[in-house]
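Thanks for asking me to look this over with you. Below are my notes, written for someone opening the structure for the first time.

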Amino acid sequence: KFVAYFLTHSLVILSDALESIINVVAAAFAWYSIYLSNKPRDAEHPYGHGKVEFISIGFEGAMILIAGIGILIQAGLFYFNPIPVHELNTGAWLTAATGTANFALGYFLVQKGKQQNSMILKGNGKHILSDSYTSIGVIAAILLILLTGYSWIDPLASVIAAGIIIYTGVKLMNKSVRGLMDEVDMNVVDELVLILKKNRHANWIDMHNLRVQRYGNYYHVDCHVTMPYYFSLEEVHDEITILDKLLNESFEKGSIEFFIHTDPCIEKSCSYCLLSDCKLRRQKFVQQIEWSRSNLLPNK
């Protein structure tokens with residue numbers, strides 16, 4: 001793409017080339033991030049190294065944002081010092097070839113990212129795919145210049161490309177910040193809730209204060225579970241083991257480390273307790289409380 005730019009001096013081709021160079025730099029950082037995120041937990045990193053995924057995404061977003069601003073500056077300079085474009089046919093063919101290669105690479109990375117549940121691979125792949133879509137716009141701009149002879153289309157198209165690039169960069173940085181601040185992925189929560197609802201045991205009287213944190217391909221989940229107050233520590237441990245095994249076998253997005261705080265049931269628990277053979281029941285059973293996101297997440 002840079003060869004195409006040096007041949008044509010087209011700003012819209014330059015914008016495409018700069019985005020691709022960012023892809024190369026971001027891919028190098030992503031490679032290191034994947035290596036680091038797969039390192040086992042240690043004393044200094046008890047939850048693993050998975051958070052580096054969000055740093056990698058933020059780095060890529062920042063680089064893209066800088067590239068977009070650089071393109072806007074170049075477009076502004078063009079109006080004060082316009083440079084004629086030439087050899088646009090060659091530039092169009094080179095852009096088409098590189099765009100096709102990017103599409104193939106981006107599609108491959110997205111599919112691999114889905115298989116491995118890797119945020120880095122999916123994010124990098126989607127960005128490379130968007131780069132290939134940008135190339136289509138670049139070719140369209142070149143064809144318009146060739147058909148009309150209006151050279152002002154070139155800087156205008158580069159400004160539009162810069163806007164798309166800046167939007168992508170801001171979006172990636174926003175995703176990075178949300179991940180580093182442990183924003184809950186509600187899709188993951190909904191999947192966990194569905195598993196718990198389908199496999200609910202009567203001994204799990206209530207569940208609340210459910211929290212999910214992602215560390216790469218690994219999820220840290222903790223919650224409070226209400227169990228019969230007369231259960232021995234051994235019985236409580238057995239129930240927690242069942243719960244832990246259930247989630248790890250049913251959850252498809254990654255492995256789970258489950259930390260459970262147990263609460264003893266109280267008198268008002270009887271009204272929704274499903275233990276029909278409980279000999280110590282103090283109130284009549286009224287109704288089963290359906291578990292959902294709205295009553296599993298709050299600490300009450």
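**Notes on rings, strands and helices**

1. Let's begin with the aromatic rings: counting ring centres that lie within 6.5 Å of each other, there are 10 aromatic pairs. Please keep in mind throughout that this is a predicted model.

2. One pair to look at is Tyr47 with Tyr215. Their ring centres are 5.3 Å apart and their planes meet at 15°, so this pair is stacked; the cut-off for stacking is under 30 degrees. Tyr47 sits in the loop between helix H2 (11-37) and helix H3 (52-80), whereas Tyr215 belongs to strand S1 (residues 206-215), so the contact ties together parts that are 168 residues apart in sequence. The two partners also differ in cover: Tyr47 is partly exposed at 36% relative accessible area, while Tyr215 is buried at 12%.

3. A second pair has another geometry. Tyr230 and Phe231 have ring centres 5.8 Å apart with planes at 70°, so they are edge-to-face. Here Tyr230 is partly exposed, with a relative accessibility of 35%, and Phe231 is buried, with 17%.

4. Rings can also join up in groups. Phe2, Tyr5 and Phe6 are linked by ring pairs into a cluster.

5. Which charged end sits over the ring of Tyr215? That of Lys51, 5.0 Å from the ring centre. Tyr215 therefore has the ring of Tyr47 stacked with its own and the charged end of Lys51 over its ring. A similar arrangement involves Arg200, whose charged end lies over the ring of Trp291 at 4.0 Å from the centre.

6. Now for the sheet. It is open and made of 3 strands in the order S1-S2-S3, with mixed pairing. At the edges are S1 and strand S3 (255-264), each of which pairs on one side only. From one strand to the next, the twist averages 15°. As background, strands of a sheet pair through backbone hydrogen bonds, and they may do so in parallel or antiparallel fashion.

7. The mixed pairing is easy to follow strand by strand. S1 and strand S2 (residues 218-227) run antiparallel and are joined by 8 bridges. Two of the matched residues are worth finding on screen: Tyr215 has Tyr218 as its bridge partner in S2, and His208 has His224. On the other side, S2 and S3 run parallel, with 10 bridges between them, and Tyr219 stands opposite Ile256 in S3.

8. How much of S2 is buried? The strand is mostly covered, with 10 of its 10 residues buried. Both faces share in this: Tyr218, His220, Asp222, His224 and Thr226 are buried on one side, and Tyr219, Val221, Cys223, Val225 and Met227 are buried on the other.

9. Tyr218 deserves a moment of its own. This residue of strand S2 is buried, with a relative accessible area of 14%. Tyr218 and Ser37 are 181 residues apart in sequence, yet their C-alpha atoms are 9.9 Å apart in space.

10. Next, a few backbone angles. Most residues other than glycine have a negative phi, so positive values are worth a look. His9 has a positive phi of about 60° although it is not a glycine. His9 is in the loop between helix H1 (2-8) and H2, and is partly exposed with a relative accessible area of 31%. Glu87, also not a glycine, has a positive phi of about 50°. Glu87 lies in the loop between H3 and H4 and is partly exposed at 44% relative accessibility. A glycine appears too: in the hairpin of S1 and S2, with 2 residues between the strands, Gly216 takes a positive phi near 70°.

11. Finally, a pair of helices. How do H4 and H5 run relative to each other, roughly parallel or roughly antiparallel? The axes of helix H4 (residues 88-116) and helix H5 (residues 119-148) come within 7 Å and cross at roughly 160°. Angles over 145 degrees count as roughly antiparallel, and H4 and H5 are therefore roughly antiparallel to each other. Their crossing is left-handed.

Technical notes. Residues are numbered from 1 along each chain as its sequence is written. This is a predicted model: local features need pLDDT of at least 70, side-chain atom pairs count only at pLDDT 80 or more; totals for chains, interfaces and linings use all residues. Side-chain values use heavy atoms; hydrogens and water are left out. Rings of Phe, Tyr and Trp (its six-membered ring) pair if their centres lie within 6.5 Å; planes under 30 degrees apart count as stacked, over 60 as edge-to-face and the rest as tilted. Helices (H or I, at least four residues) and strands (E, at least two) are DSSP runs, numbered from the N terminus. Buried means under 20% relative accessible area, exposed over 50%, partly exposed in between (1.4 Å probe, protein chains only). A charge sits over a ring if NZ of Lys or CZ of Arg is within 6 Å of the ring centre and within 35 degrees of the ring normal. Two strands pair if DSSP finds at least two bridges between them. Axes are lines fitted to C-alpha atoms, for helices over the stretch in contact, and angles run from 0 to 180 degrees between N-to-C directions. Angles under 35 degrees count as roughly parallel, over 145 as roughly antiparallel, 65 to 115 as roughly perpendicular and the rest as oblique. A crossing is left-handed if the near helix is turned anticlockwise from the far one by less than a right angle, and right-handed if clockwise.
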